[in-house]
Amino acid sequence: MRITVVGTGYVGLVTGTCLAEIGNEVICVDVNEEKINKLRNGIPPIYEEHLEEMINNNLAKNRLKFTTSLERGVKLSDVIFIAVGTPPKSNGQIDMSQVDEVAKSIGKYINGYKVIVNKSTVPVGSANRVKNIVYLNMKDKSIEFDVVSNPEFLREGTAVFDTFNGDRIVIGSNSEKATEIMKEIYESFNIPMLITNPESAEMIKYASNAFLATKISFINEIANVCERVGADVKEVAKGMGIDKRIGNKFLNAGIGFGGACFPKDIKGLMQIGNDAGYEFKIVKKVLEVNNAQRIKPVEMLRRLFGNLNGVNVSILGLSFKPGTDDLREAPSLYVIKELQSDGANIKAYDPIAMENAKLVIGNSMTYCNDPYEAVEGSDVVVLLTEWAEFKKLDFNRVKELVNRPLIIDGRNTLDSNSLKEKGFEYFGIGLGD
Ligand code: UGA
């Protein structure tokens with residue numbers, strides 16, 4: 001199949017590359033010339049496990065092409081995925097301008113039947129919106145096309161794996177012809193498909209992300225009570241998760257969720273409710289709980305030290321979760337801001353997010369080349385991202401290097417018993433210690 005993917009962000013690039021991997025001829029389009037030039041040379045703009053090798057493999061086989069020409073992308077393909085950004089506006093609404101622009105161009109260049117696929121996370125009703133814009137911009141109104149909704153459920157860091165191993169593929173379509181083409185594209189993935197109407201497909205995406213975020217804020221509130229009553233949230237989550245109706249995933253208490261999706265999609269869902277005359281109550285609180293949770297380590301430090309002025313804080317982990325260099329809405333940004341306003345000295349280390357961190361945070365803290373350099377002379381080590389390498393640290397060496405053997409584990413990921421045996425003061429989130 002000849003497929004075009006518009007937008008080479010993490011959704012578009014991963015989708016395009018994976019569709020090429022299974023044998024389709026894929027054209028990826030982006031307005032950013034520099035990005036396209038790098039991609040032509042096999043260099044992805046983001047870090048995703050397996051992505052670089054897969055891009056290079058498919059470039060070599062000539063199945064994957066990169067261009068800035070949307071005209072070529074539209075004319076040469078039968079299926080066009082729209083995977084451009086839909087950032088939040090300052091008023092909480094979703095900025096659809098990039099999607100609208102692509103829809104206009106598709107209308108302008110359309111030269112035969114196309115299936116247009118909304119892959120970006122877009123408000124309910126967007127399939128219709130794209131349909132209208134394409135139609136309005138077509139010169140030859142006799143050309144047929146369909147717009148379907150096909151939301152993505154990829155996690156950053158494991159996006160390639162998730163593409164081939166997802167729990168479901170959701171296709172929102174009102175056209176049998178388009179549905180058959182979408183089924184053909186995804187046939188070889190061996191993932192259950194749910195075919196529904198576009199509005200329901202669009203809602204499934206928001207409802208899924210908001211529900212997962214709700215699980216996280218829920219367990220974080222349980223953690224906050226656990227630590228007051230001497231219960232251990234890890235045990236509580238284990239006990240809850242055995243119940244299949246609850247499930248054991250997304251019940252890790254900690255400093256809350258970040259990333260480009262959960263916070264944005266919750267606000268998006270609230271806006272969709274508002275526009276429809278309904279006020280979402282639960283997810284509003286989910287966000288409030290998360291906002292407080294992400295600066296919890298700072299509150300713990302304020303209690304422990306009284307005054308943080310001049311305190312040496314070592315931060316381990318900056319990205320919003322392991323496996324990515326993404327800092328968008330990362331709890332670390334909020335922790336650092338609070339610590340800096342209290343006058344703490346900060347040294348930080350992250351296995352892959354250092355370059356991004358320098359761009360976002362600037363030179364107001366010290367960036368270290370490895371975790372041991374980061375903990376040298378520290379009054380407290382604060383772990384914010386549960387990178388596997390932090391579990392494997394030589395904590396005897398860490399103890400030699402620090403001023404005070406004190407660890408705040410914002411992700412409940414370290415072995416608290418072994419650390420306490422080594423003479424560390426250890427505090428997690430909701431562990432009843
Ligand atoms: C999320 C969804 O999981 C994907 O299904 C969805 O496709 C994606 O958003 C999207 O809309 O594009 P992602 O943002 O990559 O994926 O990250 P997650 O792995 O879901 O983690 C989100 C945040 O929740 C992270 O900050 C993580 O640390 C936090 N989290 C997760 C917890 O605090 N506790 C948990 O138990 C699980």
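**Exercise 1. Around helix α14**

Which elements do the buried residues of α14 pack against, and which residues are they?

Solution. First, a word on what you are looking at. This is a predicted model, in which local features need pLDDT of at least 70 and side-chain atom pairs count only at pLDDT 80 or more, while totals for chains, interfaces and linings use all residues. Numbering starts from 1 along each chain as its sequence is written.

Step 1: find the helix. α14 runs over residues 331-341; helices here are DSSP runs of H or I with at least four residues, strands are runs of E with at least two, and both are numbered from the N terminus.

Step 2: pick out the buried residues. A residue is buried if 20 or more other C-beta atoms lie within 10 Å of its own, exposed if 12 or fewer, and partly exposed in between, with C-beta atoms placed from the backbone. In α14 the buried residues are Pro331, Ser332, Tyr334, Val335, Ile336 and Leu339.

Step 3: look for their partners. Two residues are in contact if their C-beta atoms, placed from the backbone, lie within 7 Å. The buried residues of α14 pack against two helices and two strands in the list α13 (296-305), β9 (312-316), β10 (345-349) and α15 (354-361).

Step 4: follow the chain onward. Glycine 343, just after α14, has a positive phi of about 85°.

**Exercise 2. The annotated sites**

Which residues does the UniProt annotation "binding site" cover, and which does "active site" cover?

Solution. Step 1: read the record. The unreviewed UniProt entry gives Asp30, Lys35, Thr86, Thr121, Glu156, Lys264 and Arg328 as "binding site". UniProt positions follow the numbering used here, feature names are shortened, and annotations may be inferred rather than shown by experiment.

Step 2: check how spread out they are. The binding-site residues span 299 residues in sequence and their farthest two C-alpha atoms are 24.6 Å apart, so they do not all gather at one spot.

Step 3: take threonine 86. This residue sits in the loop between β4 (79-82) and α5 (97-109) and counts as buried, having 22 C-beta neighbours inside 10 Å. Leaving out residues up to four places away in sequence, threonine 86 touches Ile94, Asp95, Met96, Val99, Ser120, Thr121 and Val122. Thr121 is itself on the binding-site list.

Step 4: take lysine 264. Helix α11 (residues 262-275) holds lysine 264, which counts as partly exposed with 19 C-beta neighbours inside 10 Å.

Step 5: turn to the active site. In the same kind of record, an unreviewed entry, "active site" covers Cys261. Cysteine 261 lies in the loop between α10 (233-241) and α11, and its 23 C-beta neighbours inside 10 Å make it buried.

**Exercise 3. Helix α9 and its partners**

At what angle do α9 and α11 pack, and at roughly what angle does α9 cross α12?

Solution. Step 1: recall the description. Two packed helices are described by the angle between their axes and the distance between the axes. Here axes are lines fitted to C-alpha atoms, for helices over the stretch in contact, and angles run from 0 to 180 degrees between N-to-C directions.

Step 2: pair α9 with α11. Helix α9 (residues 198-229) packs on α11 at about 120°, and their axes are 9 Å apart. The contact is made by Tyr206, Asn209, Ala210 and Ala213 of α9 and Phe262, Asp265, Ile266, Gly268, Leu269 and Ile272 of α11.

Step 3: classify that pair. Angles under 35 degrees count as roughly parallel, over 145 as roughly antiparallel, 65 to 115 as roughly perpendicular and the rest as oblique. α9 and α11 are therefore oblique to each other.

Step 4: pair α9 with α12. The axes of α9 and helix α12 (residues 282-293) come within 9 Å and cross at roughly 50°, making α9 oblique to α12 too. On the α9 side, Ala210, Ala213, Thr214, Ser217, Asn220 and Glu221 make the contact, meeting Ile282, Val283, Val286, Val289, Asn290 and Gln293 of α12.

**Exercise 4. A residue in strand β13**

Is isoleucine 408 buried or exposed, and which residues does it touch?

Solution. Step 1: isoleucine 408 is placed in strand β13 (residues 406-409).

Step 2: with 24 other C-beta atoms within 10 Å, isoleucine 408 is buried.

Step 3: not counting residues up to four places away in sequence, isoleucine 408 touches Pro297, Met300, Leu301, Val380, Val382 and Phe427.
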